[in-house]
Amino acid sequence: MTDTEFRPLTGDPSTLRATADAFARVQAALTTTGDGLAPVRDVLTGQRSTAVTLALGHVDDLVARARTQAALLGAAGDALRDYAERLAERQTAAALAVLGREAALAAQERWDAEERAARVEAAWDPTRVGDPFTADRAVRARAQAEAARDDARRAEDAWRRARDAKQEDAASTTARIVPLHDSAAVRAWVGTGDDLAAFQASAAGLAAARLVDGVVDRSVHGAERDAAVAELARQIDRAGDDPAFWATFYDETPPADLYVLLGEEGSAVGVDGSVLDRTSPAGAVAAAVRSSFGAWTSTLPPEEQEALGARVVDDLGTQTIPVGWSSTATLLLAGAHVHPRVHAGAVRRIEAVRRDLAAHPDPLAPIPFERDTTHLTAAALEGMAASSEESLRYLDGDGDKVLAAARSALWFGTQPAGGWADGGDGVTALLRSAVLLGEAEPDHQRAAALVLSRATIDLPGGLLAHDGLLAARGLLPPDLSETAQRRLADAYAPYIDAFDRNVNAMDDFPAVGTWTALPDAHDAAFPGIAGRHLPYLEPQGLSDVLSATMAGEAGTARWQREMLEHHERTAAAVLAPGSDVRGRAETVSVVDAFLHAHGHAVSDAGVIAGSMHRAALEHAEDGNARYAAQVSTLMTALGLLVPTQGAAAAAAPVLTVTGDYLVSLDGRVQMAVDEAAADGHAEQVVLASRGQSLLLAALAEDGVDPTEAERLVTARLALDDGASRAAFTSAFKEAAGLADPTGTPDPDPTDQAGTP
């Protein structure tokens, strides 16, 4: 029924309620009928004959019809009852608006009359000796009349809002009831046991998807397109976060259409992903898509998630990507809660496209795609890294060694045209995620170690390739971002145990592979890591990677901390109470085992310190100033630590300390560090001092006379110990690029070599 302006809204809520109640009674009767047929079916089920089979089918049909009709009536009744309540509210609001308008118009009429009367009086008094307030009365009356007119306009606006809300409610109710007309679809839906409300929401989602077709149609412009966008915004607003609506909507709306809804050329969404104007219909649609897409992706089965990620890339095209689409595709993929498997599908498809383009006869063919999808690629890699399982499965080539090597070369051994838009954040997140899964779960340890071994070969010539002049001209990418440096360091830090093994390599050292320390080696060269799969890390590649992670002060401080903590863990593995070595109760065995472990830890430290030196050279810094700063930082970190020498060592909890380094910084040690700094091996002296403290404490705990313990330790582990210094210096020079690899003696007997 049509509503007349400023009259009570049409409609009868009581009739709607009565109809809904009638539907409810019939629904109850149909439900009772269906339930009453159940015993009949039970009786027939146990019998065998053609007539019984026909009767059984008839009963099943009656039960199905009863269920369907009951569901239809129940859904329709609920819709009518909801509409009746909202209609009553709108009618009340409209009625109040009508009364307010009438009162305002009456007041306006009174004040208009008052103004006219005042002006007539003033006109008949040419000498102005009459009522002195006559003119003021006219002015006041005019102001009151204007105020009354404003009140009338506000009441009219309130009436129109009530009318528009009523029309919206009617449309919403119609959207709930119209799908029920398709009795065959309803019967099929109900037959699956699904909620009829979900059927209605699904039908609404389908209707919204059909509206999208009009919105994205290039031939639709102007008012027609604006009307389609406005109606789409209304339907989406009514749907809210209904999962059934969005499931159907996204099933029917390809990514290419979503790119248009998110706003081509930044018309709806800014570069940071924020919606520019949520109050406009286009902005409301974009905001809804941004907030609902991720949640929907989590409801899909794995194969559909990967297919969706591939479709996100496919819908962009590979030759000519429409302006603005790549950025909106990135915003879609980078939205909240998008499942990592969707990102994995996108990464796999980007990989396939890049390989196809790389095989093109024209060497410039890959450039447009790589350039236009650089942000999308970074977002896909970042999102995929949220799942360690997906990251490792991908970089492990899904179990295919050849594919794993190809993927490592693609992502770590090359740079996309123009470099990484995020400074390498996404690709290093992928590596970090895969490697750390191997550290967390032993079943994945070897696969993760192989990933890192391959990456060490590929990174220097790809992700880490840098030339300052060319980068400044845009021909090569700049340095890694601080986040990328940190993530790369996170990937390598767990394997610090193997650094000296790789730098002190023999000529036939395998480029890619893993090795395993035998678990039954009580005096293993790498105590505490027995049984672990460790990667072969190509020496020059390892030094290049470590240097890249030390481009700034934060990276350098990080590796100094890692170096100290590694020495702590290595010593604790030998000296911990209850260890195999301490259990022998042989002082000489304890000292020998500790010196063996200490030597390897110092050599590992040499690799780190040498890489620091290389970083200083590569960044054209004053080497002496940088090294002095490193030593200062190292000593500052150790300056607050308590000494553990002599008899006092027995009372110090040296073997249970996790974050504090107990290094004696008396005058003798400070002088030794200063002298070592001049020769470039301050770290070795610091670790030697720390080693003395730990060993003294262990011997004191074992009951060795403090004087004898100090004599023994000083004799076997002097601060300027030649063997310790040689181990450090050799690794330092090779990692710093100041000497060629010297090789090592025969392989350590605790080693069990692995193969790629």
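**Note on the predicted model**

1. Trp-515 belongs to strand S1, which spans residues 514-517. The model under discussion is a predicted one. In it, Trp-515 has a relative accessible area of 0% and is therefore buried. Gly-531 stands 16 residues from Trp-515 in sequence, and the two C-alpha atoms are separated by 9.5 Å in space.

2. As to overall composition, the protein chain contains 30 helices and three strands. Of its 756 residues, 47% are buried. The area that the protein chain exposes is about 34,700 Å², and 56% of this is supplied by carbon and sulfur atoms. When contacts between residues at least 6 apart in sequence are considered, 76% of them join residues at least 24 apart.

3. Helix H16 comprises twelve residues, 401-412. From first C-alpha to last, H16 reaches 16 Å, close to the 16 Å expected at 1.5 Å a residue. Its buried residues are Ala-404, Arg-407, Ser-408, Leu-410, Trp-411 and Phe-412. These residues lie on the same side of H16, because the arc that they cover around the axis is only 165°.

4. Which helices are included in the cover over the buried residues of H16? They include H12 (340-358), H14 (374-384) and H15 (388-395), together with H17 (425-440) and H18 (445-458). At the N-terminal end, H16 is capped by Asp-400, a side-chain oxygen of which lies 2.9 Å from the backbone nitrogen of Val-402.

5. Helix H14, named above as part of that cover, deserves its own entry. Nine of its eleven residues are buried, so H14 is largely enclosed by the rest of the structure. The buried residues of H14 are Thr-374, Leu-376, Thr-377, Ala-378, Ala-379, Ala-380, Leu-381, Gly-383 and Met-384.

6. Aromatic contacts form a separate topic. How many aromatic pairs does a search of the whole structure find? The search returns eleven. In one of them, the ring centres of Phe-6 and Trp-159 are 5.6 Å apart and the planes meet at 65°; the pair therefore counts as edge-to-face, the threshold for that class being over 60 degrees. This pair links distant parts of the chain, since Phe-6 sits in the segment before helix H1 (13-45) while Trp-159 is in helix H3 (residues 134-177), 153 residues apart. Phe-6 and Trp-159 are both buried.

7. Phe-245 and Trp-246 make up another edge-to-face aromatic pair, with 5.1 Å from centre to centre and 90° between the planes. Phe-245 and Trp-246 are likewise buried. Both residues take part in one aromatic cluster, whose other members are Phe-249, Tyr-250, Phe-293 and Trp-296.

8. Is Arg-558, a residue of helix H23 (residues 553-575), buried or exposed? Arg-558 counts as buried, because its relative accessibility is 14% and the limit for burial is under 20%. Leaving aside residues up to four places away in sequence, Arg-558 touches Arg-486, Ala-489, Asp-490 and Ala-493.

Note on methods: Residues are numbered from 1 along each chain as its sequence is written. This is a predicted model: local features need pLDDT of at least 70, side-chain atom pairs count only at pLDDT 80 or more; totals for chains, interfaces and linings use all residues. Side-chain values use heavy atoms; hydrogens and water are left out. Helices (H or I, at least four residues) and strands (E, at least two) are DSSP runs, numbered from the N terminus. Buried means under 20% relative accessible area, exposed over 50%, partly exposed in between (1.4 Å probe, protein chains only). Contact means heavy atoms within 4.5 Å. Accessible areas come from the Shrake-Rupley method with a 1.4 Å probe; for residues, only the protein chains shown count as cover. The expected span of a helix is 1.5 Å times one less than its number of residues. The arc is that of the directions from the helix axis to the C-beta atoms. A polar contact is a pair of N or O atoms within 3.5 Å; within protein, one must be able to donate a hydrogen and the other to accept it, and residues adjacent in sequence count only if both atoms are side-chain atoms. Rings of Phe, Tyr and Trp (its six-membered ring) pair if their centres lie within 6.5 Å; planes under 30 degrees apart count as stacked, over 60 as edge-to-face and the rest as tilted.
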